[in-house]
Amino acid sequence: MERVLVTGGAGFIGSHLCERLIHEGCDVICLDNYFTGSKDNIRHLLGNDRFELVRHDVTTPYYAEVDKVYNLACPASPVHYQYNSIKTIKTSFYGALNMLGLAKRVKAKILQASTSEVYGDPNIHPQVESYWGHVNPIGARSCYDEGKRAAETLFMDYYRQHNLRIKIVRIFNTYGPRMNPNDGRVVSNFIVQALTGKDITIYGDGSQTRSFQYIDDLIEGLIRMMKTDDHFTGPVNIGNPDEFSMLQLAHEVIRLTRSGSSIIFRPLPSDDPRQRKPDISLALEKLDGWRPAVKLENGLVKTIAYFDRIL
């Protein structure tokens with residue numbers, strides 16, 4: 001039985017990962033400080049003897065004997081990571097440093113949940129892993145963008161200097177059940193507004209694009225990345241290359257919720273990327289047959305049902 005540590009394990013992505021690891025027979029330690037995570041996300045796991053919940057902030061060291069570490073801890077939506085920008089960049093940097101130190105001590109394999117935001121407002125489309133990005137280092141989003149870039153640097157330096165077994169994944173927009181209804185992400189925003197009969201707010205003219213990945217596809221990618229050969233570190237893009245404009249997404253949410261909501265437009269926030277689409281050629285090659293399986297409509301139906309239940 002493998003013992004696995006998941007930081008940010010009570011969050012949206014982390015809770016689904018904990019669930020999957022337990023299903024695969026792992027002994028899971030879930031670490032979370034509940035800044036954006038919630039006990040409600042993992043409440044159904046609390047009675048499982050292979051699941052351990054620990055309240056802890058990754059900016060301070062943590063010690064445990066584990067075989068693998070998934071480092072997911074960090075607020076990931078603009079509303080949350082800009083709320084306390086200094087805390088956000090500390091979480092990215094010190095969280096990575098502390099988890100790398102733990103992995104080095106116990107000789108564990110460790111995966112860093114990075115982000116497509118390392119590409120910034122990209123000058124190439126779609127984004128490939130070899131692209132260095134176009135990031136504003138002093139903008140309102142920099143605490144998250146640069147924090148994740150610094151974490152990638154730390155991981156690569158631990159690999160080169162200590163031969164640590166590392167994995168880096170760059171996660172593109174992900175949605176699904178257990179998203180926080182107040183996290184400010186576009187999918188949850190649109191669904192909550194549609195279900196509550198409010199106007200759907202689009203920032204900019206709605207032509208900016210994103211590629212939306214359902215949570216199950218991401219979890220499958222994370223599991224397969226951790227199982228790859230130790231010489232393959234990544235980074236690797238994990239996302240769904242199907243690209244939609246904000247206006248297309250809004251109309252789809254209105255259709256699926258049968259909402260009478262209108263669409264209104266607001267000014268585009270600074271440094272908001274105009275387009276986002278992963279090149280997943282490397283993932284298709286390296287991740288043992290992984291490919292996104294859930295179409296946007298099917299994923300939205302499941303996500304809408306979740307929000308309809310909790311609102």
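## A tour from Tyr94 through the helices

Begin by selecting Tyr94, which counts as partly exposed at 38% relative accessibility, and bear in mind throughout that the model on screen is predicted. Add Phe93 to the selection: this residue is also partly exposed, with a relative accessible area of 31%.

Before looking at how these two rings are arranged, it helps to place them among the aromatic contacts of the structure, where the count of aromatic pairs comes to seven. One of them is formed by Phe35 and Tyr83, whose ring centres lie 6.1 Å apart with the planes at 35°, and the pair is therefore tilted. Selecting both residues shows a link between distant parts of the chain, since Phe35 sits in the loop between strand S2 (27-32) and helix H2 (39-42), while Tyr83 sits in the loop between helix H3 (78-81) and helix H4 (85-106), 48 residues apart. With surface display switched on, Phe35 counts as partly exposed at 37% relative accessibility, whereas Tyr83, at 66%, counts as exposed.

Now return to Phe93 and Tyr94, whose ring centres are 5.5 Å apart and whose planes stand at 80°, so this pair is edge-to-face. For a further aromatic stop, select Tyr119, Tyr131 and Phe172, which together form one aromatic cluster.

Next, show helix H4 together with helix H5 (residues 142-162), which pack at an angle of about 15° with their axes 8 Å apart. Because angles under 35 degrees count as roughly parallel, H4 is described as roughly parallel to H5, and the crossing of the two is right-handed. To display the contact itself, select Ser85, Thr88, Ile89, Ser92, Phe93, Ala96, Leu97, Leu100, Gly101 and Lys104 on the H4 side, and on the H5 side Cys143, Tyr144, Gly147, Lys148, Ala150, Ala151, Leu154, Phe155, Tyr158 and His162. Phe93, already met in the edge-to-face pair with Tyr94, is among the H4 residues that make this contact.

A second helix pair is found by selecting helix H8 (residues 246-257) and helix H10 (residues 296-310), whose axes come within 10 Å and cross at roughly 55°. That angle makes H8 oblique to H10, and this crossing, too, is right-handed. Where the helices meet, H8 contributes Leu249, Glu252, Val253, Arg255, Leu256 and Thr257, and H10 contributes Leu296, Glu297, Leu300, Val301 and Ile304.

Move finally to helix H1 (residues 12-23), and set a distance between its end C-alpha atoms: they are 17 Å apart, which agrees with the 16 Å that its 12 residues should span at 1.5 Å a residue. Nine of the 12 residues of H1 are buried, so the helix is largely enclosed by the rest of the structure; they are Phe12, Ile13, Gly14, Ser15, His16, Leu17, Cys18, Leu21 and Ile22. Just past the helix, select Gly25, which follows H1 and has a positive phi, near 95°.

Which residues does Leu21 touch, once residues up to four places away in sequence are not counted? Leu21, found in helix H1, counts as buried at 3% relative accessibility, and its contacts are Val4, Val6, Cys26, Val28, Tyr70 and Ile223. As a last check, draw a C-alpha to C-alpha distance from Leu21 to Ser142, which gives 32 Å in space for two residues that are 121 residues apart in sequence.

Note on methods. Residues numbered from 1 in each chain as written. Predicted model: local features only at pLDDT ≥ 70, side-chain atom pairs only at ≥ 80, totals over all residues. Heavy atoms only, no water. Helix = DSSP H or I, 4+ residues; strand = E, 2+ residues; numbered from the N terminus. Expected span 1.5 Å × (residues − 1). Buried < 20%, exposed > 50% of the residue type's maximum accessible area, 1.4 Å probe, protein only. Phe/Tyr/Trp six-rings, centres within 6.5 Å; stacked < 30°, edge-to-face > 60°. Axes fitted to C-alpha atoms, helices over the stretch in contact; angles between N-to-C directions. Parallel < 35°, antiparallel > 145°, perpendicular 65-115°, else oblique. Left-handed = near helix turned anticlockwise from the far one by under 90°. Contact = heavy atoms within 4.5 Å.
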